[in-house]
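Subject: Handing over the structure

Hi there,

Here is the structure I promised to pass on to you. Have a look at it first, and then read on for what turned up in it.

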Amino acid sequence: MHSSDLTVVGGSIDSNIAGHSGGGVMAISLSTVRVCDGANVSNNTAARSGGGLLVQGSTLNVSDSGINLNGARSDGGGGVLAEMKSIVTLGDLTSISQNTARGNGGGLSLFKSSSLATDGRVSIYGNAARGRGSIGAGLAAASSCTVRLGAGAIDLSYNSAASDGGAIS
């Protein structure tokens, strides 16, 4: 989607395959994606990056929902890849779990001046960054990115990186 809005309320984006990036959703150029009220983005695969969702220059808001069991086969962001000044907000009761990337950020990967903020109970667990030299299995944030872990209980556990930063790098 290009310069568009998408809201997923209580539904699912499940078992999709992209030959390049954004296995479940690819949102570019000032798009807004909302995943809320028990929705799930799961079992999606991208040949390159952003197994569950890829956001470029866009906004992603997730609350009371899961991004689980997605995969990026040759690059980063098994669950989510956010780049090009994207803004990601993870609200209460959000889980990013059991996603896998061959590159950085099995759960969530931030690049090119993107930002992440959490608010409430957020779980980032059981993600893997498996490629040689891969970092940040739960969360990988490149230089010039901003991460703010806000109020609430943050659970970063059981993440596994091939190189550095099992939870965060």
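One cut-off will help before we start: a residue is called buried when its relative accessible area is under 20%, exposed when it is over 50%, and partly exposed in between. Ile168, at 39% relative accessibility, therefore counts as partly exposed. Please keep in mind throughout that this is a predicted model.

**The overall picture**

Let me begin with the whole protein. The chain has 169 residues, and 49% of them count as buried. Its secondary structure consists of 23 strands, with zero helices. Along the principal axes, the C-alpha atoms fill a box of roughly 35 × 35 × 30 Å.

How much of the contact network comes from residues 24 or more positions apart? Among contacts with a separation of 6 or more, such pairs account for 85%.

On the outside, the accessible surface amounts to about 7000 Å², and carbon and sulfur atoms make up 48% of that. As for charges, the protein has 10 positive and 10 negative ones, and the mean positions of the two sets are 10 Å apart.

**A nonpolar patch**

Back to Ile168, which sits in the segment after β23 (160–161). Together with Val147 and Leu149, Ile168 makes a nonpolar patch of about 220 Å² on the surface.

**Two salt bridges**

How many salt bridges does a search of the whole structure find? The search gives two.

One of them joins the side chains of Arg48 and Asp75, with 3.2 Å from N to O. This pair links distant parts of the chain, 27 residues apart: Arg48 is in the loop between β7 and β8 (53–56), while Asp75 is in the loop between β11 (71–72) and β12 (80–83). Arg48 has a relative accessibility of 38%, so this residue counts as partly exposed. Asp75 is partly exposed too, with a relative accessible area of 30%.

The other salt bridge is formed by Asp92 and Arg121, whose closest N and O atoms are 2.9 Å apart. Why does this pair tie together parts that are 29 residues apart in sequence? It does so because Asp92 lies in the loop between β13 (87–90) and β14, whereas Arg121 lies in the loop between β17 (115–118) and β18 (122–125). Asp92 counts as partly exposed at 31% relative accessibility, and Arg121 is partly exposed with a relative accessible area of 46%.

**Two residues with positive phi**

Finally, two backbone spots to look at when you step through the loops. Asn43 has a phi near 60°, a positive value in a residue other than glycine. You will find Asn43 in the loop between β6 (40–42) and β7 (45–46). With a relative accessible area of 36%, Asn43 is partly exposed.

Gln98 also has a positive phi, near 55°, and is likewise a residue other than glycine. Its place is in the loop between β14 (94–97) and β15 (100–101). Is Gln98 buried or partly exposed? At 43% relative accessibility, Gln98 counts as partly exposed.

Happy to go through any of this with you.

Best wishes

Technical notes. Residues are numbered from 1 along each chain as its sequence is written. This is a predicted model: local features need pLDDT of at least 70, side-chain atom pairs count only at pLDDT 80 or more; totals for chains, interfaces and linings use all residues. Side-chain values use heavy atoms; hydrogens and water are left out. Helices (H or I, at least four residues) and strands (E, at least two) are DSSP runs, numbered from the N terminus. Buried means under 20% relative accessible area, exposed over 50%, partly exposed in between (1.4 Å probe, protein chains only). Contact means heavy atoms within 4.5 Å. Accessible areas come from the Shrake-Rupley method with a 1.4 Å probe; for residues, only the protein chains shown count as cover. Lys and Arg count as positive and Asp and Glu as negative; His and the chain ends are not counted. The place of a charge is taken as NZ of Lys, CZ of Arg, CG of Asp or CD of Glu. Patches are made of residues with over 30% relative accessible area and no salt bridge: like charges are joined within 9 Å, nonpolar side chains (Val, Leu, Ile, Met, Phe, Trp, Tyr) within 5 Å. A salt bridge is a side-chain nitrogen of Lys or Arg within 4 Å of a carboxyl oxygen of Asp or Glu.
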